[in-house]
Structure formats: C-alpha cells, structure tokens
Amino acid sequence: MRRALTAILPGLALSACAMAGPDYRPPAHSAATLPAATGAFVSATGPAVAEQPLPDHWWRLYADPRLDALVTEALAANASLRAADANLRRADAVVREAEAGRGLLTSSSGGSTLSRPAGTGESLPGLVGYSLGIAASYPLDLRGKIARGIEAARADSEAVAAARDAVRVSVAAATTKAYADVCGANYALAVNQRIVALQRDTLDATRRLQQGGRGTAFDVSRAQAAVDQSAATLPAFAARRQAGLFLLATLLGKAPADYPRDVAACSTLPALASPLPVGDGAALIRRRPDIRAVERSIAADTARIGVAVADLYPQVSIGGSLGLSGALKDAGSPTSFGFSLGPLLSWSFPNRPVVKARIAQADAKVAGDLAGFDGTVLEALRQAETALETYNRDRDSAAALAKASDSAAVSAGQAQKLYRFGRGDFLSLLVAQRSLATAEAASAAARVQLVDDQVATFLALGGGWE
C-alpha cells in the first residue's frame, strides 16, 4: 500500500501544478486584426453615408412611429426569435449542469436479498438480508478538468446568445423591409395609376377628335392599347403589396390573414432624415453577431483541449460512505454498521493513446475554428462593402432616372399640346406618353430599391445591438 501511495503521490503533485490545456486568447493574427479590415470602408463615399457609429436601433432613423411599433412587436412575438430564446435558455441550463459538477455529489442505495448459501444447511426459504447506505464525494479537480468544462459551457452559451442576436438583427431587417415593400408597392401603384389616368385622358380626347372628324379609328385603337398595356401592370403592384402584408403578419407571429390592416394603405416610402451611418471595419467586427458566435466557439473548443489534456492525469476526489448491511435478523447490531472515508482515484493511464488522440482532435477543431473565424470576418466585410457600393450606385441610377422622368414629362406635355392644336401627329404623342410611362415606372422602382438597399446595408453592418 505504501509503495502504491509513493508511486501515485508524485503524479498528484504534478497534476496540481496548473490548469490543463491552453488558456484562451482572442486570435492575435487573424483577418480581424488586418489594418485593411479595421479601417474605413472603401465604399463609404458620397454624401449619402457617414462614418458615424451605427445606433443600437437603426430603424428609428426613419422616424416612423408605425415602423417602430412593428419592429417592437416582431421582436416580442416572432417564432424564430422565440426558438432562439429557447436555445439560449437550454445553453444556460447546460452551464448550470457543468457548474454543479464541481459541488458535493451524494447518492443513496438500499435493497434486500433472499439467499441460501451452499453448505450452510439452512432450511428454505433461506436468509433474508438487507443493505442501506449513503455516499458522498467531492471532486478536487486538481488539473481543472471540471473548470475547463465549465469554461467551455459558458463560451458555448455566449455563442448561442450571439446566434440569438443574429436572429434579432434578421427579424428587425425583415420587418422593416416588409413594411417598406408594402409602402413601396402602394407608391409604385399610385405612380402607374397616374400614368393610366393620363393615357385615359388621351384616349378620351382621341375619341372626341374622331367624332369631330380630326381623328381616326386607328388612333383610338392605338390609344386604347396603350391604356390596356399600362393597366395590365397594376395587379402586380397589388399582389406585391399583399405579399408584403402576409410576410409582415408572419414576422409578427400571426396568421397571414391577420395582417395589420392599417399598414395596407401606406404609400409613403420610409426616408432617412440624415446620411446613413456606417462606422468602420473595427466596429463591424465587434458588432456582427455571427463573428461573435464564431469567436466564442473558438473559446469553447480551446477549453475542451484542457478537458482532453486533463485525462492524462489522475482524477481525484474525496469520498465517504455510511451504511448498514447483513442479515435482517442481525439488524442494528454493531457488526451491521460500516463506513469508509478517503480519496478516490481514477486514471486512464492504460489508455493514453486514446487520450492523446482526443487531444489531437481538439487541437484540430480549434485550428478549423480559427480558419472559420477568418472566413466569417472576410465575408462580413465583403457583404458590407458590397451593400454600400450597391447603395451608392443605385442612388446614382435613381438620380438619373428622376431626371429622365422629368424630361419625359416635359416631352409628353409638349407632344400633347402639339397634337391637340393639330401641329403634331398622334404617333408622336403615343411614343412620348409611352416614354413617360416607362421613365416614371423606372424612377419609382429605383426609389423603392433605395430603401431595400438601405435595409440590406444595415443588415450587412449587423445593426441592432452592440
């Protein structure tokens, strides 16, 4: 016994020197530390954007109380977000389970037996025996296996919290976009209805001219065709509006038929009162929940290296037990009482190759996490730059289309006057009005697209919560 203790005690002393495995440090040499990644965005140019910090609730920049109320309701009732909250509660429970592993562990047992030992000559049915006991143990965690497990569980919980934040960002963006889709569809519908009304006026005027001998049936049929062609586009805008309302209801945790009726009449596009704030790359890396989730996963898997390394050393706990056992007829006698107290030792020494293989697996997992972290950072930066560049270029297109619409309106007005006074032909009038219809529809679509671009930019920037 003394020799066994002499052999074990040095191992115990060695195992108590330090926590097993490496301590976690944020990735020092990664894409997140590159100067080009932490500086200003290349595409953050022009008067429409500003290198200012992104507010916690970016949708409030639209100063639309109805939109604020919708986002607030969606964040409280959205089904995906409720599922993410449940995942976070489960992760927190896992942390509590891991923390409970470092406390006092107790167990109790009891039973009875009926036996007839061979050669005793006892008559049947035999001897009735019993056993009652209670045991307790406290882990010493000399190499920190339990502590590393708790560290891993906490980091996992923080990763789940970051994933929950990613869902919140997506829900806020989807709600804002659905609301903008409804307003944009009504706005575009109104623009195209004005075009149809203008063409109907031309049709009515052409019919009067025909009746007065200045027009032909061919002119009337061509005018009618123009009206019919423009009117055919109107149902698509109504369908888009209804699709936005159905999506909005789903985001609010309601059945599609229970969409918010007051939003159905919205026809004013959400507009930013100031330039779009974008911050810089460093703020994006801190803010994006997917980046935080991957970084926390690295921390968790680093802690699991320590869990694997700790299996190279003895696991020691202090334990004791107290119990009664023996024949039922001897219950309560001094011989039926027993107890034990002392250290409990477990060691997977014969399985060191297995343990070392697990350590290698854990090391490789962290290496993969680091590569995934770099990929997530680079992808986040790409998405932000792409969204900003798209927004800037679409603003240029919207400005050009607005000018084209104004010019087409002047041209159509001039063509109408010339035709009514007999100085222009009917085909020129139809061409001018067709150009006006195309230009105004394109300009309206470009304005709607700008709002979508803004929402996409806020989503790429990870806006919502620091």
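## Structural report on a predicted protein model

The accessible surface of the protein comes to about 24,200 Å², and 60% of that area belongs to carbon and sulfur atoms; areas were computed by the Shrake-Rupley method with a 1.4 Å probe, and for residues only the protein chains shown count as cover. The model is predicted: local features require pLDDT of at least 70, side-chain atom pairs count only at pLDDT 80 or more, and totals for chains, interfaces and linings use all residues. Residues are numbered from 1 along each chain as its sequence is written, and side-chain values use heavy atoms, with hydrogens and water left out.

### Overall architecture

The protein contains 11 helices and six strands, taken as DSSP runs (helices H or I, at least four residues; strands E, at least two) and numbered from the N terminus. Of its 466 residues, 40% count as buried. Here buried means under 20% relative accessible area, exposed over 50%, and partly exposed in between (1.4 Å probe, protein chains only). Among contacts (heavy atoms within 4.5 Å) between residues at least 6 apart in sequence, 83% join residues at least 24 apart.

### Helix α9

Helix α9 covers residues 289–310. Its 22 residues should span 32 Å at 1.5 Å a residue, and the end C-alpha atoms are 32 Å apart, which agrees; the expected span is 1.5 Å times one less than the number of residues. Because 16 of the 22 residues are buried, α9 is largely enclosed by the rest of the structure.

### Three selected residues

| Residue | Location | Relative accessibility |
|---|---|---|
| Leucine 104 | loop between α4 (79–100) and β2 (105–115) | 58%, exposed |
| Aspartate 280 | loop between β4 (276–277) and α8 (281–287) | 28%, partly exposed |
| Threonine 376 | helix α10 (residues 352–420) | 18%, buried |

Leu104 belongs to a nonpolar surface patch with Tyr138, Leu140, Ile318 and Leu341, which together have about 530 Å² of accessible area.

The side chain of aspartate 280 reaches the backbone nitrogen of alanine 283 at 2.9 Å. Not counting residues up to four places away in sequence, aspartate 280 touches Thr38, Gly39, Ala40 and Phe41. Aspartate 280 also lies 9.9 Å from leucine 381, C-alpha to C-alpha, although the two are 101 residues apart in sequence.

In threonine 376, a polar atom of the side chain lies 2.8 Å from the backbone oxygen of glycine 372. With residues up to four places away in sequence left out, threonine 376 touches Asp290, Ile291 and Val294.

Terms used
Patch = residues over 30% accessible without salt bridge, like charges linked within 9 Å, V, L, I, M, F, W, Y side chains within 5 Å. Salt bridge = Lys/Arg side-chain N within 4 Å of Asp/Glu carboxyl O. Polar contact = N/O pair within 3.5 Å; in protein donor to acceptor, adjacent residues only side chain to side chain.
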